[in-house]
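This report walks through some features of a protein model, taking one helix as its starting point. Please keep the sequence and the structure in view while reading.

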Amino acid sequence: MGSLGEVINLTQEKKPLITIKGNREGITLIIDDEVPFQEALSELKDKLISTQQNNNGQAVSVNVQSGNRYLDREKREKLRDLIEEDNFFKVEGIETNVMHREEALRLREESEIKINNRIVRSGQILKVKGHLLLIGDVNPGGKVMATGNIYILGKLYGIAHAGYQGDRNTFIAASYLKPTQLRIADYISRAPDYESDGVYMECGIIDEKEDKIIIDSLQLLSQKRQEISGFERRMQNG
Amino acid sequence: MGEAIVITSGKGGVGKTTTTANIGTALALMEKKVCLIDTDIGLRNLDVIMGLENRIIYDIVDVVEGRCRLNQALIRDKRFDSLALLPAAQTSDKSAVTVEGMKNIVTELKQEYDYIIIDCPAGIEQGFQNAIAGADRAIVVTNPEKSSVRDADRIIGLLEQEDMTETPRLIINRIRTNMMKNGDMMDVDEIVQLLSIDLIGIVVDDEEVIKGSNTGEPVVLNPNSKASIAYRNIARRILGENVPLQSLEDEKGVLERVKRFFGIRS
């Protein structure tokens, strides 16, 4: 593991404001999270200048770790501009341990499963943030919408729109599918013009190759959407 | 204290007014005190079907606007003393009656009568809102065809948001036995499953109904017609009796084909 690299510490203080670690992929910049941002920035600037000599032409990729400091968009921009200023470095990612409360709540809401036990009748719209689990039917003329996936323990006769804010990785699964329309993100498919029987235990999903919504057995999900099995639990545990 | 039942459907022409007239008359036959209210203002029909058109002096708008007392506007039926009709106005429009005005009328009538049967206009606008305002429960009428079932579904959705003592009940009207048998018409089970509310009766398409409407004698007074028996059964179910569904088959199979029983609701 010799190539994991050395730790450069140019300041005399006990705790460095900026720690630089090199490895195969590039370098990692660890910015102390207890000093004011401006102070850290100027320190970083000095440090960057002094490390540039080692470089020979190709831009080195940089990962920034800001620890428990919250970085809003403005600060991220500043940081990125400073590091990439002379084209010696390329910022690959900025990591932080903290996130804004609003963002965290939004994320949680979008990954939650909202359970509804009712019949969505003609003229009614059931619209949720996150995934929708509907225990009941969607009658013709009724509509269900979710930013995430839609699971229907019942019959889907009306319209279902998964990923209505644009997430194409979402899908619609139902005990019985005979929908008027299926919509996923910006894709729409409609029922055929001839009278047809519905299908049991199937799902609607976007097929990238055919560039349209296809209806297939639920087994397809275990291949194409593996992440649904672990995703909820991961979010609950942070 | 009586009970107010609204007869509604969403779609027009499915037989709300005929149903109102016949259920009301059937309940009167069973010696209940019944008052019918026609809320289809501007397009009143119930008085014609009941054969009481020539007796109208005041109407519901006159009552709401205070031109007469409620009792003055009520028309006593020519066959039953216990049956009365509050007719709609023919010259005003539906906005002449308010939700409050309607509630007051129904509350007042409930003191006097056992059952108030409210005939609702088609649509989901003001007239519908008025009609359901004072009702304790609702009966949704539909025909075995898609558009009518679709509208019934919409109406049930709206009724579920109202504050009623029980979920709406369903009447499937104008059933043509042959078409249903051949699969050319929606099936009773299919409709009940889609709407998922309790069925309170099925009525076959019967020429006697039309004859009755034209002569002002509700078909339920004629004990030999199938539709008449269906309406009488519905009335008995409203009273809480447990009456099996009428067979759709012709005379022979009546006993074997009894399909379903109703649970009594308290």
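## Helix α7 of chain B

In this predicted model, the length of helix α7(B) can be checked by a short piece of reasoning: since a helix is expected to span 1.5 Å times one less than its number of residues, the 15 residues of α7(B) should span 21 Å, and because its end C-alpha atoms are 21 Å apart, the two values agree.

Which residues of α7(B) are buried? They are B:S148, B:V149, B:A152, B:D153, B:I155, B:I156, B:G157, B:L158 and B:L159. The elements that cover these buried residues include the strands β1 (3-8) and β6 (137-142) of chain B, together with the helices α6 (126-133) and α9 (188-195) of chain B.

## Nonpolar cores

The largest nonpolar core has 56 residues, and among these B:I37 and B:I118 touch the most other members. Helix α7 (residues 146-160) of chain B supplies the largest share of this core, namely six residues. There is also a second, separate core of 35 residues, which includes B:I171, B:V219, B:V220 and B:A227. As a general background, nonpolar side chains in soluble globular proteins tend to be buried together.

When neighbours within four places in sequence are left aside, the contacts of B:I37 include B:L46, B:I60, B:L86, B:M102 and B:I105, and they also include B:I116, B:I117, B:I118 and B:D119.

## The sheet of chain B

Chain B has an open sheet of eight strands with mixed pairing, in which the strands follow the order β3-β4-β2-β5-β1-β6-β7-β8. Its edge strands are β3 (75-76) and β8 (198-204) of chain B, each of which pairs on one side only. At the β3(B) edge, this strand pairs with β4 (residues 83-86) of chain B in the antiparallel sense over two bridges, and B:I75 stands opposite B:L85 in β4(B).

Helix α1 (residues 16-29) of chain B lies across six strands of chain B, namely β1, β2 (34-38), β4, β5 (115-119), β6 and β7 (169-175), and runs at about 165 degrees to β5(B).

## The annotated region and chain A

An unreviewed UniProt entry lists residues 5-219 of chain B as "domain: CobQ/CobB/MinD/ParA nucleotide binding". Over residues 5-219, chain B is 40% helix and 19% strand, with the end C-alpha atoms 20 Å apart.

Chain A contains five helices and 16 strands, and buried residues make up 42% of its 238 residues. Among the contacts in chain A with a separation of 6 or more, 35% are between residues 24 or more positions apart.

Terms used:
Residues are numbered from 1 along each chain as its sequence is written. Chains are lettered from A and ligands numbered from 1 in the order in which they are written. This is a predicted model: local features need pLDDT of at least 70, side-chain atom pairs count only at pLDDT 80 or more; totals for chains, interfaces and linings use all residues. Side-chain values use heavy atoms; hydrogens and water are left out. UniProt positions are given in the numbering used here, feature names are shortened, and annotations may be inferred rather than shown by experiment. Helices (H or I, at least four residues) and strands (E, at least two) are DSSP runs, numbered from the N terminus. A nonpolar core is a set of buried Ala, Val, Leu, Ile, Met, Phe, Trp, Tyr and Cys residues joined through side-chain atoms within 4.5 Å. Buried means under 20% relative accessible area, exposed over 50%, partly exposed in between (1.4 Å probe, protein chains only). Contact means heavy atoms within 4.5 Å. Two strands pair if DSSP finds at least two bridges between them. Axes are lines fitted to C-alpha atoms, for helices over the stretch in contact, and angles run from 0 to 180 degrees between N-to-C directions.
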